[in-house]
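Could you walk me through how the strands and helices in this one are put together? A short informal report with a table would do.

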Amino acid sequence: MQLNRVVQNSVSLMERTFPKMIEIETILAKNLREVNADASQIGQVLMNLCINAKEAMHQGGRLTIETKNTLLDDEYCQLHLGAKPGPHVIVEITDTGGGMNKQTMERMFEPFFTTKGWDFKKGTGLGLSIARGIIEQHGGWIAYESEPGHGTIFRVYLQVIQDSPVVSTAENVSGPEKILLVDDEDYVRDLGKRILERAGFSVVTASNGKEAIEIYQEEQSNVRLVVLDLIMRQMGGERCLEELVKINPLVKVVISSGHSLGALERDRLASSAKGFVNKPYRMKQFVEVVKGVLTSE
């Protein structure tokens, strides 16, 4: 997942529900690496931390949410329990509230610990405990700084996907051209769409060969490339490829498959398909193959 997107969704909810006297500021890294995480759970962590920040600013203040890439070395990890060396992304949540004393910081992650008294309308004391549990289940950790009268900073660390490229928004592909992604498995189609959109492409999807043909007939002038699953129900990839070539002999097609193609199969497809990508998709390989075909003559 892309952490910036989760932050934006969370902030959109906060802007509708937090008091107007709290100013919300976001500073999102444009080249943020991707992480392997559950977006809904990470969203819950962000909301829990931000609600804590809101409640620390009774008279109003500023809540700042920042994302960034970082590389942790062995020396840092030796000084921070739970930290692991390597590339990470950080989401940093800073408030201008009253801060916490040492005694509160020592207990704040304990289940049911609360500074609000035993009034469950004001909170159960589970927010920080749940947040830490979710992040640790994802192989990350939460660091923090606070001082009475000087606010609080929480930093959530998550390991990046090792082969995920840094894709700057400056490198995004512009214009109305689209990639048609065809696959009959919903989760594969969704993953492929997110990878291509992350790389800056506009994507339209089809769940079978028949639907792909209909879309291509309507949008041929805008579709620059077709990513086509080889084995599908209703109309398979080979049959769909034949029909696409009939519509446009110059169509650019990348075949995707979960199994390696034999020599005969590759030879049979080579005259029409311009490239091949393995499933499950690996972001770096997928993007490189698509860009290579698009820039070829």
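Here is a look at two sheets and the helices that pack on them.

This is a predicted model, where local features need pLDDT of at least 70, side-chain atom pairs count only at pLDDT 80 or more, and totals for chains, interfaces and linings use all residues. Residues are numbered from 1 along each chain as its sequence is written, and side-chain values use heavy atoms, with hydrogens and water left out.

Start with the open sheet ordered 1-2-3-5-4, which has 5 strands and mixed pairing. Strands here are DSSP runs (E, at least two residues) and helices are runs of H or I with at least four, numbered from the N terminus; two strands pair if DSSP finds at least two bridges between them. Strand 1 (22-27) and strand 4 (141-146) each have a single partner strand, so one side of each lacks a neighbour in the sheet. The twist averages 20° from one strand to the next, with axes fitted to C-alpha atoms (for helices, over the stretch in contact) and angles running from 0 to 180 degrees between N-to-C directions.

The other open sheet, 7-6-8-9-10, also has 5 strands, with parallel pairing. Its edges are strand 7 (202-206) and strand 10 (275-278), and neighbouring strands are turned by 25° on average, direction ignored.

Two parallel pairs, side by side:

| Strand pair | Bridges | Opposite residues |
|---|---|---|
| Strand 1 and strand 2 (residues 61-72) | 6 bridges | Isoleucine 24 and leucine 63 |
| Strand 6 (residues 178-182) and strand 8 (residues 223-229) | 5 bridges | Lysine 178 and valine 223 |

Now the helix on the second sheet: helix 6 (residues 186-198) touches strand 6 and strand 7, making about 165° with the direction of strand 7. Contact means heavy atoms within 4.5 Å.
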